[in-house]
Amino acid sequence: MSAIESGNSANKLTRDWQDRDHRHYMHPFTDHKDLRGKGARIITDAEGVYIRDSDGLQILDGMAGLWCVNLGYGRQELVDAATRQMQKLPYYNSFFQTAHPPAIELSSVLSEVSPPQFKHTFFTGSGSEANDTVIKLVRRYWTLLGQTDKMVIISRKNAYHGSTIAASTLGGMDEMHKQTSILLPGVEHIEQPYYYGLGGDLSEDEFGLQQARLLEQKILQLGADKVAAFIAEPVQGAGGVIIPPATYWPEIQRICRQYDILLVADEVITGFGRLGEWFGSTHLGIEADLMPFAKGVTSGYLPLGGVLVADRVADVVIARGGEFAHGYTYSGHPAACAVALANIRILRDEGIIERVRDDTGPYFKQRWAALAEHPLVGEARSIGLMGAIEIVADKSTRARFDKDLKAGPTCKDFCFNNGLVMRAVGDSMIVSPPLVMEQDHIDELVDKAWRCLDLTAASLGHSE
Ligand SMILES: *Cc1c(COP(=O)(O)O)cnc(C)c1O
């Protein structure tokens, strides 16, 4: 490793940040013991699709922050929107029969850009809070309809729905379940539609149907009168960009309708353009009853989340419900709503979502697919502007490297040190770049990814 790659070039300022970071800052999703010897990478500023660290290294942000900085960094319009709103009305709430213009306006605009069944939005501060809200809305809905036994929510293994106790329960991450000793009752999980990992000898279409029918089996096992809802990400994100076979969602839709189960599409990642439509549901032909969202709604400039509520649910919970005893101090925060409005305006005015659909998405698909020719790559898949590659020891058997070799994390480190953010989920490498990427950024992303796969192969002593 060169000096840069091993981090020896860290200047004094960086070491000072790292030292204080280590002494005081408890990070989310971080093994601090593992971090101790290395020191955190300190990100100091960003512009466009690049971030910069405290040593001055410019890094192409292949993850758009955490799947959220859809417009890229440095958009003055978003800064101005927040500033103006903070000057005029920095905070007010919507509890107890009050409201304010930014939340009203944003809920109206959301009803324009979302599928036709959605006219109402409940705001939260994050995606996790949105999914806690989903649980309460679902149960409130069936209770108001007198079906008090319809309580169970079915989710999927390896799903990510957030990090509060309720959202961790909904998610299907084993490690999170292990550490959350009190899980919410009434949540069941079925297997995910992960073709590369679980498909075996089935065709993709057969596998999609088979995995969707796991939902039907679960409903029949529990009794349809006990099942309230099914929740899923249109494309699983944090689980490793799991793109379901084409047969999967239509069958899920049929099952939810047949057994009268609410369908919840967690659009926290796929909302606001990631798949080349305003919502991933539209791209995949899903007709959802509730759509939690967050992340891309503000391009991450301020925290905001919410749940889009279809008329079917709104007509019960809002129109004839009495008080819905739920809300957050920052539900519909005025500055966050103002930023979301500016964000949506830019997505519209600059045709960014159409560009993902017609231009950068297809270009990315073709360039990303070529990574499958790398000796280390078992599969390269993508949809819209999200992609995954599977690092394998043997392409023909799909055998993985020994876990102790940490092939994925090794590749991730090579990427960071060579100017690319690509995330590792086990030995899957994933990207979800800003939607404003141009074709030459995509070239840069794929070229760097190839080079870092070379470095990874060399460090693993792997040859074809
Ligand atoms: C990130 C994420 C969440 C949680 O959002 P937070 O804002 O981190 O609470 C929920 N669902 C999905 C699909 C996500 O990717």
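**Exercise 1. The sheet that starts with E1**

Work out the order of the strands in the open sheet that contains E1, and find which strands stand at its edges.

*Solution.* Step 1: In this predicted model, four strands make up an open sheet, and their order is E1-E2-E3-E13. The pairing in this sheet is mixed.

Step 2: Look for the strands that pair on one side only. These are strand E1 (43-47) and strand E13 (420-421), the edge strands.

Step 3: Now check one pair. Strand E3 (residues 58-61) and E13 run parallel and are joined by two bridges. Within this pair, leucine 60 stands opposite leucine 420 in E13.

A reminder that helps with the next exercises too: strands of a sheet pair through backbone hydrogen bonds, and they do so either parallel or antiparallel.

**Exercise 2. Far in sequence, and in space?**

How many residues apart in sequence are isoleucine 59 and asparagine 417, and what is their C-alpha to C-alpha distance?

*Solution.* Step 1: Place each residue. Isoleucine 59 belongs to strand E3, while asparagine 417 belongs to helix H17 (residues 407-417).

Step 2: Read off the two separations. Along the sequence they are 358 residues apart, yet their C-alpha atoms are 8.5 Å apart in space.

Step 3: Decide whether each is buried. The cut-off is under 20% relative accessible area. Isoleucine 59 has 0% relative accessibility, so it counts as buried. Asparagine 417 has 14%, so it counts as buried as well.

Step 4: Look at what the side chain of asparagine 417 does. It makes a polar contact of 2.5 Å with the side chain of arginine 41.

**Exercise 3. The antiparallel sheet**

Describe the sheet that contains E11, and explain why one side of each edge strand has no neighbour.

*Solution.* Step 1: Write down the order, E11-E12-E15-E14; these four strands form an open sheet with antiparallel pairing.

Step 2: Strand E11 (377-383) and strand E14 (423-425) each have a single partner strand, so one side of each is left without a neighbour in the sheet.

Step 3: Add the twist. On average, neighbouring strands here are turned by 20 degrees against each other, direction ignored.

Step 4: Go through the pairs one by one.

- E11 and strand E12 (residues 386-391) are antiparallel and share six bridges; isoleucine 383 has methionine 386 in E12 as its bridge partner.
- E12 and E15 are antiparallel, with four bridges; alanine 388 has isoleucine 430 in E15 as its bridge partner.
- E14 and E15 are antiparallel, with three bridges; alanine 424 stands opposite methionine 429 in E15.

Step 5: Look at the turn of the last pair. E14 and E15 form a hairpin with two residues between the strands, and there glycine 426 takes a positive phi near 60 degrees.

**Exercise 4. Two faces of a strand**

Which residues point to each side of E15 and of E9, and are they buried or exposed?

*Solution.* Step 1: In strand E15 (residues 428-431), Ser428 and Ile430 are on one side and Met429 and Val431 on the other. All of them are buried, so both faces of E15 are covered.

Step 2: In strand E9 (residues 290-293), Leu290 and Pro292 point one way, and Met291 and Phe293 point the other way. These residues are all buried too.

Step 3: Find the partner of E9. E9 runs antiparallel to strand E10 (residues 305-310), and four bridges join them. Phenylalanine 293 stands opposite glycine 306 in E10.

**Exercise 5. Positive phi without glycine**

Where do valine 241 and lysine 406 lie, and is each buried or partly exposed?

*Solution.* Step 1: Neither residue is a glycine, but valine 241 has a positive phi of about 50 degrees, and so does lysine 406.

Step 2: Valine 241 sits in the loop between strand E7 (227-232) and helix H12 (248-258). Lysine 406 is in the loop between E12 and H17.

Step 3: At 0% relative accessibility, valine 241 counts as buried; at 49%, lysine 406 counts as partly exposed.

**Exercise 6. Around the ligand**

Which polar atoms of glycine 127, serine 128 and lysine 295 lie by oxygen atoms of the ligand, and at what distances?

*Solution.* Step 1: For glycine 127, a backbone N or O atom lies 2.9 Å from a ligand oxygen atom. For serine 128, a polar side-chain atom lies 2.5 Å from a ligand oxygen atom. For lysine 295, a side-chain N or O atom is 2.6 Å from a ligand oxygen atom.

Step 2: Consider the ligand's surface. Taken alone it exposes 380 Å², and the protein buries 84% of that.

Step 3: Sort the shell. The residues around the ligand, among them Tyr160, His161 and Asp266, divide into three nonpolar, six polar and three charged.

Conventions:
Residues are numbered from 1 along each chain as its sequence is written. This is a predicted model: local features need pLDDT of at least 70, side-chain atom pairs count only at pLDDT 80 or more; totals for chains, interfaces and linings use all residues. Side-chain values use heavy atoms; hydrogens and water are left out. A residue is near a molecule or strand if one of its heavy atoms lies within 4 Å of it. A polar contact is a pair of N or O atoms within 3.5 Å; within protein, one must be able to donate a hydrogen and the other to accept it, and residues adjacent in sequence count only if both atoms are side-chain atoms. Accessible areas come from the Shrake-Rupley method with a 1.4 Å probe; for residues, only the protein chains shown count as cover. Ala, Val, Leu, Ile, Met, Phe, Trp, Tyr, Cys and Pro count as nonpolar, Asp, Glu, Lys and Arg as charged, and the others, Gly among them, as polar. Buried means under 20% relative accessible area, exposed over 50%, partly exposed in between (1.4 Å probe, protein chains only). Two strands pair if DSSP finds at least two bridges between them. Axes are lines fitted to C-alpha atoms, for helices over the stretch in contact, and angles run from 0 to 180 degrees between N-to-C directions.
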